[in-house]
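Please take a moment with the sequence and the model before reading on. The paragraphs below start from the chain as a whole and then turn to its parts.

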Amino acid sequence: MKLPQKGGCRCGVVRYEFTSAPHEMLNCHCTDCQKFTGSQFATLVIVAAADFSHSGDVTSYHWHGSSGAELEQNFCKVCGTAAFGFGPDRDYRVIRAGTLDDAGWVSPNFEHWLKSKKNWSQQLDSTDKYLGPH
Ligand SMILES: [Zn+2]
Ligand SMILES: [Zn+2]
């Protein structure tokens, strides 16, 4: 993995970068991640907040997680992409891996919140796989 790593939203208004190796990488199956992504889980890259910066206007949504801690998700005001936010620990930024310019190096270390894992997550290995448009 090269540093800095860069990424951004779908429309390009919001850009971000980080300059130190990720603290951890995971697949999060919590219901918040399922809502934000509209999918079965989010692949998250956790980086030191001190080594993270972004440009472009974002709007912020705050809520309280199951621990009671305030969480924050940031969205591009134009296209709505939820590229990054804060988890319970404000020393770290939570980045959604699919928003990286190059996510090929991402390798989740663990699965989190498996108690809300969707049944269809378990079906991936037994379904047909499509590499692209068909
Ligand atoms: Zn955008
Ligand atoms: Zn989650």
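Buried residues account for 23% of the 134 residues in the chain, and it should be said at once that this is a predicted model. The C-alpha atoms fill a box of roughly 40 × 40 × 30 Å when the chain is laid along its principal axes. Of the contacts between residues at least 6 apart in sequence, 56% join residues that are at least 24 apart.

As for secondary structure, the chain holds one helix and 10 strands, and their succession along the sequence is β-β-β-α-β-β-β-β-β-β-β. The radius of gyration of the chain is 15 Å, close to the 14 Å that the globule rule gives for 134 residues, so the chain is as compact as a globular protein of that length.

The strands can now be taken in groups. Strands of a sheet pair through backbone hydrogen bonds, and they do so in either a parallel or an antiparallel sense. One open sheet in this model has three strands in the order 1-2-5, and the pairing within this sheet is antiparallel. Strand 1 and strand 5, the latter covering residues 52-55, stand at the edges with a single partner strand each, so one side of each is left without a neighbour in the sheet. From one strand to the next, the twist in this sheet averages 20°. Strand 1 and strand 2 run antiparallel and are joined by four bridges, and Lys6 has Glu17 in strand 2 as its bridge partner.

Just ahead of this sheet in the sequence there is a detail of the backbone to look at. The peptide bond that leads from Leu3 to Pro4 is cis, with omega near -5°, and Pro4 belongs to the segment before strand 1, which spans residues 5-8.

A second set of pairings involves strand 4, which covers residues 42-48 and pairs in the antiparallel sense, over five bridges, with strand 3, residues 24-28. Within this pairing, Met25 stands opposite Val45 in strand 4. Strand 4 is also joined by five bridges to strand 9, residues 92-96, and these two strands run antiparallel; here Val47 has Arg93 in strand 9 as its bridge partner. In a regular strand the side chains alternate between the two faces of the sheet.

Which residues have the most contacts inside the largest nonpolar core? That core has 18 residues, and those with the most contacts inside it are Leu44, Ala83 and Ile95. Two or more residues of the core are given by each of strand 2 (15-18), strand 4, strand 7 (70-76) and strand 9, and the largest share, four residues, comes from strand 4. Leu44 itself, when its neighbours within four places in sequence are left aside, is in contact with Met25, Leu26 and Cys28, and also with Val94, Ile95, Arg96 and Ala97.

Finally, the reader may turn to Trp113, which is found in the segment after strand 10, residues 110-112. The phi angle of Trp113 is near 55°, a positive value in a residue other than glycine. Is the side of the chain at Trp113 buried or partly exposed? Because Trp113 has 18 C-beta neighbours inside 10 Å, Trp113 counts as partly exposed, given that a residue is called buried if 20 or more such neighbours lie within that distance and exposed if there are 12 or fewer.

Notes
Residues are numbered from 1 along each chain as its sequence is written. Chains are lettered from A and ligands numbered from 1 in the order in which they are written. This is a predicted model: local features need pLDDT of at least 70, side-chain atom pairs count only at pLDDT 80 or more; totals for chains, interfaces and linings use all residues. Two strands pair if DSSP finds at least two bridges between them. A nonpolar core is a set of buried Ala, Val, Leu, Ile, Met, Phe, Trp, Tyr and Cys residues joined through C-beta atoms within 7 Å. Two residues are in contact if their C-beta atoms, placed from the backbone, lie within 7 Å. Axes are lines fitted to C-alpha atoms, for helices over the stretch in contact, and angles run from 0 to 180 degrees between N-to-C directions. The radius of gyration is taken over C-alpha atoms; the globule rule is 2.2 Å times the number of residues to the power 0.38.
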